[in-house]
Amino acid sequence: MNPRTKISGSLTALAAAVLLALSPTSVSAQAGTSTFDRTTPPPAGAPRALRVPSWTESKLSNGAQFVVSEKHDLPLVFFMISFVGGADQYDPAAKTGLGDMTAAMMSEGTASMTGDQLSDALDLLGTSVTVRVGGESGLIGFMATTANYPKVLDILADMLEHPAFPADALERLEARTLVGLTQAKDQPTAIASNVFQRVLYGKDHPYGRFMTEETAKAITHEDIVSFHDKYFLPGRAVVTVVGDVDAA
């Protein structure tokens with residue numbers, strides 16, 4: 001017999017055996033008759049105990065709220081400053097998107113570091129600093145290891161207090177924003193979201209406004225500096241620290 005024919009016949013027999021073993025009839029025969037009653041839902045398990053972490057809360061001398069929750073099972077620290085209010089309260093109608101662009105620009109360098117130096121320093125520390133200004137609130141924060149936490153906190157403080165807002169970075173951001181707005185005109189979900197907001201709230205209400213090419217082009221360097229100075233204030237800030245830290 002030809003070896004190929006013999007191998008082919010063996011594979012065919014093996015495949016037939018596998019199909020037979022996996023057939024519903026075969027599986028049913030192997031499993032036997034089930035006694036499980038599927039008409040009655042199984043009883044619910046015992047409720048799990050709720051463990052709410054403890055925290056301390058105080059007010060700093062500059063007016064910011066300060067909340068700390070210690071958690072020492074992992075060498076990690078989560079740090080965030082939340083700001084009450086957002087773009088819906090602080091964006092001028094003719095410059096909708098100002099808060100979003102200001103947040104993006106805060107990663108583009110400080111008085112002592114360029115944007116690339118900031119990025120490199122954070123990469124070496126294994127983290128990144130998030131800055132965001134939403135409709136009703138804003139934030140700046142990060143997560144880092146306990147050992148790197150002080151260094152990352154220094155970088156965040158530099159970004160928050162001494163942003164450079166370089167002109168070339170603003171031009172690059174504006175160009176990227178305009179491309180994104182043009183592409184959004186072909187995206188049904190983006191179109192539907194904008195139309196829904198406008199129909200529901202009207203163009204005179206903050207909820208009914210959205211960034212357009214016109215409002216993006218109207219934003220200047222001076223607008224971004226002014227927004228930063230008026231928005232990121234300690235009197236509207238909540239500083240939250242959770243993790244491997246000492247509240248004191």
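So, F210 sits in the loop between α8, residues 188-201, and α9, residues 213-218. Keep in mind as we go that this is a predicted model. Who does F210 touch, once we skip residues up to four places away in sequence? The answer is T96, N194 and R198. T96 is the one I'd like you to look at: F210 and T96 are 114 residues apart in sequence, yet 6.1 Å apart in space, C-alpha to C-alpha. And F210 is partly exposed, with a relative accessible area of 23%.

Now step along to E213, which lies in helix α9. Buried or exposed, this E213? E213 counts as buried, because its relative accessibility is 17% and the cut-off for buried is under 20%. Leaving aside neighbours within four places in sequence, E213 is in contact with L178, L181, T182 and K185. With K185 there's also a salt bridge between the side chains, 2.9 Å from N to O. K185 is in the loop between α7 and α8 while E213 is in α9, so this pair ties together parts that are 28 residues apart in sequence. The two ends sit in contrasting surroundings: E213 is buried at 17%, whereas K185 counts as exposed at 52% relative accessibility.

That brings me to salt bridges in general. Side chains of opposite charge can pair when their charged atoms come close. How many salt bridges turn up in a search of the whole structure? Four. I'll show you two more of them.

Take K95 and D223, whose side chains meet at 2.6 Å, N to O. This pair links distant parts of the chain: K95 is in the loop between α3, residues 87-90, and α4, D223 is in helix α10, and they are 128 residues apart. K95 counts as partly exposed, at 21% relative accessibility. D223 counts as buried, at 17%.

Then there's R172 with E108, another side-chain salt bridge, at 2.9 Å from N to O. R172 lies in helix α7 and E108 in the loop between α4 and α5, residues 115-124, so here the parts being tied together are 64 residues apart in sequence. R172 is partly exposed, with a relative accessible area of 42%.

α4 has come up a couple of times, so let's turn to it. Helix α4 runs over residues 98-105 and is mostly covered, with six of its eight residues buried. Which ones are they? L98, G99, M101, T102, A103 and M105. And what covers them? The cover includes β4, residues 130-133, along with α7, residues 167-184, and α10, residues 221-231. So you've met α7 already, as the home of R172, and α10 as the home of D223.

On to the inside of the protein. The largest nonpolar core has 44 residues, and I81, V129 and I140 are the ones with the most contacts inside it. Helix α6, residues 149-161, provides the largest share of this core, six residues. If you click on I81 and leave aside neighbours within four places in sequence, you'll find contacts with G138, L139, I140, L156, L160, A237, V238 and V239.

And the outside? There's a nonpolar surface patch of about 340 Å², made by L74, L76, F78 and M143. L76 from that patch lies in strand β3, residues 76-84. L76 is partly exposed, with a relative accessible area of 35%.

One more local feature, for anyone who likes hairpins. Strands β1, residues 56-59, and β2, residues 65-70, pair in the antiparallel sense over four bridges. K59 stands opposite Q65 in β2. Five residues lie between the two strands of this hairpin, and G63 in the turn has a positive phi of about 100 degrees.

Let me finish with the overall numbers. The protein has 10 helices and six strands. Of its 248 residues, 31% count as buried. The accessible surface comes to about 16,000 Å², and 61% of that belongs to carbon and sulfur atoms. Finally, if you take contacts between residues at least 6 apart in sequence, 76% join residues at least 24 apart. The F210 and T96 pair we opened with, 114 residues apart in sequence, is one to look at again on screen.

Terms used: Residues are numbered from 1 along each chain as its sequence is written. This is a predicted model: local features need pLDDT of at least 70, side-chain atom pairs count only at pLDDT 80 or more; totals for chains, interfaces and linings use all residues. Side-chain values use heavy atoms; hydrogens and water are left out. Patches are made of residues with over 30% relative accessible area and no salt bridge: like charges are joined within 9 Å, nonpolar side chains (Val, Leu, Ile, Met, Phe, Trp, Tyr) within 5 Å. Accessible areas come from the Shrake-Rupley method with a 1.4 Å probe; for residues, only the protein chains shown count as cover. Buried means under 20% relative accessible area, exposed over 50%, partly exposed in between (1.4 Å probe, protein chains only). A nonpolar core is a set of buried Ala, Val, Leu, Ile, Met, Phe, Trp, Tyr and Cys residues joined through side-chain atoms within 4.5 Å. Contact means heavy atoms within 4.5 Å. Two strands pair if DSSP finds at least two bridges between them.
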